[in-house]
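Please work through the exercises below with the sequence and the coordinates at hand. Each task is followed by a worked solution.

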Amino acid sequence: MEMMRFATAGSVDDGKSTLIGRLLFDSKSIFEDQLEAVADVSERMGLDETNLALLTDGLRAEREQGITIDVAYRYFATPKRKFIIADTPGHVQYTRNMVTGASTADLAIILIDARKGVLEQSRRHSFIASLLRIPHLVVAVNKMDLVDYSEERFDEIVEEFGHFASKLEVTDLTFIPISALKGDNVVERSENTPWYGGTSLLHHLETVHISSDRNLIDARLPVQYVIRPHSEEFHDYRGYAGSIAGGVLKPGDDVVVLPSGFASKIAQIDTPEGPASEAFSPMAVTVTLTDEIDISRGDMICRPHNQPTSSQDIEAMVCWLSEGTSLAPGSKVAIKHTTRTARALVKDIQYRLDVNTLHRDVEAHTLSLNEIGRVTLRTTQPLFFDEYRRNRETGSFILIDEATNNTIGAGMIIGTPQ
Amino acid sequence: MVVGALWSTLDGEMNYELSHLKALQAESIHVFREVAAEFERPVLLFSGGKDSIVMLHLATKAFWPARMPFPLMHIDTGHNFAEVYEYRDRRVSELGVKLVVASVQDSIDSGRVVEQTGPGASRNQLQTTTLLDALGEHGFDAAFGGARRDEERARAKERFYSFRDDFGQWDPKNQRPELWSLYNGRHHRGEHIRIFPLSNWTELDIWQYIETEDIDVPSIYYAHEREVIARDGMWLAITDFITVADHERVETRQVRFRTVGDATCTGAVESDAGTVSAIIDEVSATRITERGATRADDRASEAAMEDRKREGYF
């Protein structure tokens with residue numbers, strides 16, 4: 001059974017919680033005591049119906065204010081797949097939360113109210129999904145029951161969205177007409193939409209091909225931890241532990257270690273199940289090399305003829321996550337990229353991007369909370385990176401405030417400055 | 001489900017797919033290594049329950065063939081089941097790791113906390129003080145916990161790295177965003193981070209993994225006959241630590257425990273599941289969460305877990 005992570009974007013009004021509630025309920029992942037607790041609270045709040053949003057809104061403040069504060073993670077499984085839902089709130093701090101939820105997602109569901117069509121927030125969510133390189137996008141046109149299951153209305157929305165999406169880099173886009181409330185096309189195909197030739201949403205989630213989304217070409221092993229047992233049995237064992245961040249590694253492969261540039265061969269790959277003949281992302285492994293060379297955390301093991309870019313000058317799209325501060329040229333921050341941590345100086349903010357219109361504001365010189373812009377950084381040490389569009393693991397970084405220790409920025413690498 | 005094999009093969013060709021258990025395992029091991037590399041004094045909180053047992057199993061794999069580079073700590077209410085103490089001590093000696101026991105009894109004796117009285121008395125809440133005192137005393141800056149997001153809705157909002165201030169408090173409205181697999185463990189002296197490597201595991205995943213890896217768990221997880229009383233809709237085991245009220249009737253039932261905690265607030269469920277695979281069937285079919293079924297501590301109020309977590313609970 002494979003694991004799939006997806007993010008849902010949209011506000012309560014779009015029926016997002018109803019949809020999640022239905023997926024959990026129909027896959028028997030909501031338990032009686034959870035449902036009873038939610039029914040109790042709904043009643044105390046004076047609601048007519050059980051509000052399934054309360055299932056995901058786990059904090060007292062969320063229930064009191066009827067809002068979602070933070071990304072919530074939900075789990076369900078069918079006989080085919082285990083699913084992790086990152087449920088991102090639509091309103092408060094939408095960008096920060098959606099970027100967080102989207103960073104690990106294989107797929108995003110964008111909910112659109114069939115009556116309202118493509119709204120500003122639908123565009124925003126789609127843009128963030130494409131910026132974060134979520135490989136699969138599903139536009140769930142919800143509340144079809146309220147537009148009499150109209151094929152014409154569905155087609156209008158598909159056309160309108162398709163027009164906007166052509167400006168984004170979306171590789172796989174699927175439209176599904178649903179009613180989360182009535183259950184149409186959620187688990188089973190609905191008889192109310194005979195004109196719809198596609199599959200139900202759940203069937204799509206269960207079958208969409210995700211295992212090739214990972215980078216299986218560019219072999220990358222960021223060294224996370226050096227294992228030296230100092231025991232009698234493993235006296236000379238010196239293993240480089242880490243999670244494969246791209247490509248496939250095999251015993252016998254020629255490798256080179258950055259930054260030293262020393263060449264060696266892979267002697268053995270140890271996995272939690274013992275020695276393996278191959279390792280690929282996202283396996284956590286320990287490799288030993290045929291030569292004794294000095295390697296430490298933050299180094300990168302790769303293939304001699306396929307190396308990442310090694311540079312101290314980096315250009316990236318950065319999403320600013322911090323409430324109290326802003327990013328400006330001259331800012332100094334800590335940067336964490338793969339297993340490497342360095343300091344970075346902000347050299348330039350080239351433009352700020354309006355996430356609603358995709359307009360580039362070249363006059364902007366700062367980034368504040370929830371804003372995204374193209375930024376040039378200079379780091380104290382070289383980082384070994386790939387373009388984010390090619391590899392999400394070696395192309396991403398976070399920025400950390402050195403005074404407060406908070407995570408204040410998320411970056412997606414474009415390359416080195418021209 | 002693919003078990004045993006590292007990956008599934010199709011006509012002898014590799015297809016680069018990991019089963020969900022392997023993917024979860026890889027994610028957890030990544031977190032263990034990251035913490036070992038970036039923190040000065042991590043500690044693994046070990047209760048002898050199934051989640052901490054799986055966590056310990058993963059920790060040993062993460063550093064193989066070296067020994068795991070941090071000790072275990074048991075926050076001991078003194079009111080645990082004998083089978084669990086026996087299991088703990090056996091496992092610790094097998095692995096040759098260091099065990100720190102922080103005792104709630106000591107906290108009571110030194111006047112740090114006051115023992116509850118009455119029929120519903122439990123040492124569950126007192127553990128928070130013992131835990132925070134022990135973290136401070138030993139200078140631990142990272143504490144691995146076995147909490148899972150599917151357990152409880154306040155926990156659904158938890159990060160892998162959960163920042164705690166110098167009072168050990170959790171501020172759920174002000175958490176660090178967590179992106180990709182880049183974890184921010186920075187903290188000032190006196191603050192610490194709770195680490196939850198099992199965040200994305202569900203109860204079913206835990207049992208499937210126990211089956212796949214053939215992991216030994218304390219016998220009380222399996223169906224057995226036991227003297228119990230019905231209290232608050234749960235079966236509570238008769239131990240030296242609970243007071244049976246006049247109207248309560250002691251009876252013998254075939255039960256098992258879904259969670260293992262303080263004997264005064266951990267209920268048993270009626271069950272005839274005597275093997276791991278029978279437990280998996282039972283968990284797959286069950287309609288009540290493990291904490292809802294068997295934990296009086298979570299039933300205290302609608303936000304019982306959130307409130308305790310804010311104060312520094314597990």
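The exercises that follow concern a predicted model.

**Exercise 1.** Determine how many residues of chain A and of chain B are in contact, and characterise the side contributed by chain A.

*Solution.*
Step 1. Apply the contact criterion, C-beta atoms within 7 Å. The result is 59 residues of chain A in contact with 50 residues of chain B.
Step 2. Assign the residues of chain A to elements: helix 2 (residues 32-44) of chain A gives the most to this side, with 5 residues.
Step 3. Sort the side of chain A that touches chain B by class, which yields 31 nonpolar, 13 polar and 15 charged residues.

**Exercise 2.** Describe how domain 1 of chain B meets domain 2 of chain B.

*Solution.*
Step 1. Take the bounds: domain 1 of chain B covers 16-202 and domain 2 covers 206-304.
Step 2. Locate the C-alpha centres of the two domains, which lie 22 Å apart.
Step 3. Count the contacts: 24 residues of domain 1 of chain B touch 25 residues of domain 2 of chain B.
Step 4. On the side of domain 1, helix 2 (50-63) and helix 3 (82-95) of chain B each supply at least two residues. The largest share, 5 residues, comes from helix 2 of chain B.
Step 5. By class, this side of domain 1 has 9 nonpolar, 9 polar and 6 charged residues.

**Exercise 3.** Establish which way the side chains of strand 7 of chain B point, and how this strand pairs with strand 8 of chain B.

*Solution.*
Step 1. In a regular strand, side chains alternate between the two faces of the sheet.
Step 2. In strand 7 (residues 161-164) of chain B, Tyr161(B) and Phe163(B) point one way, while Ser162(B) and Arg164(B) point the other way. All of these residues are buried.
Step 3. Strand 7 of chain B pairs with strand 8 (residues 192-195) of chain B in the antiparallel sense, over 4 bridges.
Step 4. Arg164(B) has His192(B) as its bridge partner in strand 8 of chain B.

Conventions. Residues numbered from 1 in each chain as written. Chains lettered and ligands numbered in written order. Predicted model: local features only at pLDDT ≥ 70, side-chain atom pairs only at ≥ 80, totals over all residues. Contact = placed C-beta atoms within 7 Å. Nonpolar A, V, L, I, M, F, W, Y, C, P; charged D, E, K, R; others polar. Domains from an automatic or database assignment. Buried ≥ 20, exposed ≤ 12 C-beta atoms within 10 Å, placed from the backbone. Pairing = 2+ DSSP bridges.
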